[in-house]
Every structure is written in structure tokens, then in C-alpha cells.
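Reader: I'd like a close look at one helix and the parts around it. Could you walk me through it in plain bench talk, and then carry on into the neighbouring pieces?

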Amino acid sequence: MKVLICDPTAPEAIASMRQAGIEVDVRDDISADALPEVLPDYDGMVVRSRTKVRTPLIDVATNLKVIVRGGVGLDNIDVAHAQSKGIAVLNTPAASSVSVAELTIGYMLSLARNIPQATASMKAGLWEKKKFKGTEVAGKRLGLIGCGRIGCEVAQRASALGMDVVFTDIVCVELGCADQIEFDELIRTADYISLHLPHIEQTHHILDEEAFAAMKDGVYIVNCARGGTVDEDALFKAIQSGKVAGAALDVYEQEPSKGHKLFTLDQVIGSPHVGAGTAEATERVGAEVAEKMIGFYKENF
Ligand SMILES: NC(=O)c1ccc[n+]([C@@H]2O[C@H](COP(=O)([O-])OP(=O)(O)OC[C@H]3O[C@@H](n4cnc5c(N)ncnc54)[C@H](O)[C@@H]3O)[C@@H](O)[C@H]2O)c1
């Protein structure tokens with residue numbers, strides 16, 4: 001079996017695939033233009049989020065049998081088309097849950113205490129003690145939209161901080177530390193709203209102008225899930241009007257996103273889609289990528 005590594009992958013994972021007898025070529029900075037030429041030689045490919053596996057690429061990859069995506073979201077792969085050609089699409093869904101949950105908690109505390117803004121002020125040589133009076137998160141209601149792997153990790157941690165955690169989900173989830181409520185009630189009553197659901201047709205702009213209008217004044221929004229779940233224009237207006245007191249964003253409708261207009265607002269803090277970007281998650285993703293590829297190899301070759 002010949003596998004092409006198209007995005008950065010832990011060296012240990014590459015070593016264990018080779019040890020299992022797989023021929024592995026590493027071209028982890030391969031360009032989109034070069035891929036159609038080389039991919040037909042391979043039985044398998046490993047990607048993260050950078051490499052896009054769209055229909056035209058799948059159509060030329062005549063030997064391809066498996067795509068392993070290191071990470072959760074499969075939005076960079078035309079999954080249905082790959083599967084229609086008999087290509088298996090595997091991912092590593094649980095490897096980064098704790099990392100994303102910790103980023104979410106970090107963002108809530110940062111919003112409550114203006115940590116990034118206070119740091120910028122100190123670096124500018126100022127001492128704006130009064131300006132940075134914050135609030136506690138303890139006793140505040142956190143509403144999670146989507147409570148799967150990451151949502152549950154956030155719920156446990158936020159509950160330990162003394163927050164009143166509620167969530168909404170399309171499936172029934174049993175969680176000792178949080179109650180499941182209707183979307184409308186969550187939107188109306190939460191002090192913090194954090195998204196933890198995929199971006200699909202049904203969740204596109206789940207936070208839109210109407211949703212923002214129904215929220216409590218001074219609500220905080222955190223999105224470490226996927227861009228497109230929040231209507232960014234509506235969020236911009238809601239911050240300008242004072243309805244939303246602040247927002248923390250790790251994901252955007254367009255990525256990469258440079259010079260985004262939301263970042264012209266002081267109340268917005270954020271990062272360039274780094275939710276899964278920790279040493280521990282990278283190691284776990286690598287181990288799971290190798291496990292999935294070796295499993296496929298043993299079953300099919
Ligand atoms: N920022 C990052 O780097 C990063 C890293 C990993 C995952 N993510 C994203 O985080 C999100 C959550 O990941 P996860 O591993 O917890 O996924 P998951 O599949 O375990 O959980 C998603 C939950 O959302 C629920 N859901 C789906 N549609 C819904 C709707 N319309 N209303 C309410 N709930 C709905 C599902 O029932 C499920 O319980 C995904 O979008 C994933 O891509 C981001």
C-alpha cells in the first residue's frame with residue numbers, strides 16, 4: 001500500500017505506518033496544483049484541513065482507496081463523491097476535544113476580564129486600571145449550542161467554574177452537570193453562548209439577526225466550532241448596538257481570514273483557527289491517523 005502524507009503529520013505516526021509495512025511518502029506542503037499529477041500513484045492519502053479533496057481531484061485519483069483526515073471536520077473533503085467511488089473517508093474525531101474545550105474556557109475568562117485588551121494596553125505603556133474592571137463567570141449562565149464531544153468537555157469545565165450550564169442539541173444528551181433546554185430558551189436566558197456543532201445546511205447562520213435580537217443585553221458569544229454557524233454581519237451589528245458585549249472567534253466564514261472587519265471592534269478577540277493546535281492534540285491526532293490507516297491496510301491488503 002502506498003500512502004501520500006499531504007499535510008503536516010506527527011513523525012511517530014509516519015514511523016508506525018512504515019513499521020506496519022505501508023510505503024509512506026511525505027509531501028506535507030504539496031500544492032493544490034501538484035496533487036492531481038502525483039495522487040494517481042497512491043492508494044491512500046493523509047490530510048488535515050489545508051489540503052482540499054474536491055471532486056475533480058477525486059476523479060483523477062484512480063487508485064485511491066482511503067482518505068484519512070487528521071482532525072474532526074470533513075468540510076475540506078467531498079465525502080459523498082469519494083464514497084460513491086468506493087473510497088473510504090476516515091477521521092480522528094475525539095483527538096482534539098479537550099484542546100478545543102480548553103480554548104473555549106480560556107475565551108470566556110478572557111472576555112469576562114478583558115485579558116487581551118488589557119495586555120495590549122500594558123504593551124502600549126498605559127495603566128488603565130478602571131477601564132478593565134471585569135465580571136466573574138461564576139453564577140453566569142452558559143448556553144452551549146451543540147453538546148457532542150467538545151460541548152460535553154466544555155460543560156464539565158464550566159460547571160467546575162461555578163457556571164450554570166445549559167445546552168441545546170438535536171439529540172437527547174444525558175449530562176449530570178448541565179440541563180438540556182430548547183434553543184429559544186437558551187438564546188433568551190444565556191449570559192454566554194458558545195457554539196459546538198458542525199456547519200451544515202441546517203446550522204448555517206443558526207445565530208442570525210433574529211437570534212441576536214432575542215438575546216439578553218450584554219451577552220458574550222464564543223465560536224470555536226465552525227465559521228458559517230454565526231452570521232458575521234449580524235454579529236457585527238449586534239456588537240455595535242451593544243446587544244453583544246463581546247465575542248471570541250477561532251473560526252470564520254472565510255478562511256484564511258485576514259483583516260476581518262470584526263477585528264476592527266475592541267470587543268472582539270480571536271485566533272486563526274487554532275482550536276486543535278496543541279502539542280497533546282497533535283500527538284493524539286497522529287496516533288489516531290496511524291491507527292486508522294494501519295487498520296485499513298490490514299483489512300484490505
Ligand atoms: N476550532 C477548532 O480548531 C476545532 C477543532 C475540532 C472541532 N471543531 C469543531 O467543533 C464542532 C463540534 O465538534 P464535536 O467533536 O463536539 O462534534 P460532535 O459531532 O461530537 O458534536 C456536535 C453536536 O452538535 C449537535 N448538533 C448538530 N446539529 C445541531 C443543531 N441544528 N442544533 C443543535 N445541535 C446540533 C449534534 O447532535 C452533536 O451532538 C464541529 O463543528 C467541529 O468541526 C473545531
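**A helix, a pocket and a sheet**

Author: Let's begin where the helix stops: the residue following α5 is N114, and its phi is positive, near 55°. Keep in mind that you're looking at a predicted model.

Now back up into the helix itself. α5 covers residues 97-113, which makes 17 residues. From first C-alpha to last it reaches 25 Å, close to the 24 Å expected at 1.5 Å a residue. Its buried residues are S97, S99, V100, A101, T104, I105, Y107, M108, S110, L111 and A112. When you read a list like that, a bit of background helps: an α-helix has 3.6 residues a turn, so residues three or four places apart point the same way.

Pick one of those and zoom in. S99 sits in α5, and it counts as buried because its relative accessible area is 8%, with the cut-off set at under 20%. What does S99 touch, once neighbours within four places in sequence are set aside? The answer is G275, A276, T278, A281 and R284. Of these, A281 and R284 fall within α11, the helix made of residues 279-300.

The other end of α5 leads to a pocket. L111, which is on the buried list for α5, helps line the second largest pocket, and so does N114. The rest of that lining is Q117, S121, K131, F132, Y220, A245, G246, D266 and Q267. Two elements, α6 (115-123) and β11 (244-249), give two or more residues each to the lining. The volume of this pocket comes to about 230 Å³.

Follow α11 and you arrive at the sheet. This helix lies across β1, β3, β4 and β5, at about 165° to β4. The sheet is open and has five strands, in the order β2-β1-β3-β4-β5, with parallel pairing. At its edges are β2 (23-26) and β5 (88-91), each of which pairs on one side only. From one strand to the next, the twist averages 20°. There is also a helix packed on the sheet called α1 (residues 11-19): it touches β1 (2-5) and β2, and its direction makes about 150° with that of β2.

Next, stay with β3. This strand (residues 44-47) pairs with β4 (residues 66-69) in the parallel sense, over four bridges. Two of the partnerships are easy to find on screen: G44 has V66 as its bridge partner in β4, and V47 has R69. β3 also pairs with β1, again in the parallel sense, over three bridges, and there L4 stands opposite M45. Are the faces of β3 covered or open? Both are covered, with G44 and V46 buried on one side and M45 and V47 buried on the other.

L4 has another partner to look at, over in helix α2 (residues 35-38), where V38 is found. The two are 34 residues apart along the chain, yet their C-alpha atoms are separated by 9.0 Å. Not counting residues up to four places away in sequence, V38 touches L4, R27 and I30. V38 counts as buried because its relative accessibility is 19%, and the limit is under 20%.

To finish, here are some backbone details to click through. N114 has that positive phi right after α5, and two histidines have positive phi as well. H205 has a phi near 50° and lies in the loop between β9 (192-195) and α9 (209-214). H273 shows a phi of about 50°, although it is not a glycine. You'll find H273 in the loop between β12 and α11. H273 is partly exposed, at a relative accessible area of 33%.

Then check the peptide bond from E255 to P256: it is cis, with omega near -5°. P256 belongs to the loop between β11 and β12 (268-270). That takes you back to the pocket, where β11 is one of the elements giving two or more residues to the lining.

Methods: Residues are numbered from 1 along each chain as its sequence is written. This is a predicted model: local features need pLDDT of at least 70, side-chain atom pairs count only at pLDDT 80 or more; totals for chains, interfaces and linings use all residues. Side-chain values use heavy atoms; hydrogens and water are left out. The expected span of a helix is 1.5 Å times one less than its number of residues. Buried means under 20% relative accessible area, exposed over 50%, partly exposed in between (1.4 Å probe, protein chains only). Two strands pair if DSSP finds at least two bridges between them. Axes are lines fitted to C-alpha atoms, for helices over the stretch in contact, and angles run from 0 to 180 degrees between N-to-C directions. Contact means heavy atoms within 4.5 Å. On a 1 Å grid over the protein atoms alone, a cavity is a set of points where a 1.4 Å probe fits but cannot get out, and a pocket is an open set with protein on both sides within 12 Å along at least five of seven lines; lining residues have an atom within 4 Å of a point. Grid points are joined across faces, edges and corners, and a volume is the space filled by probe spheres set on the points.
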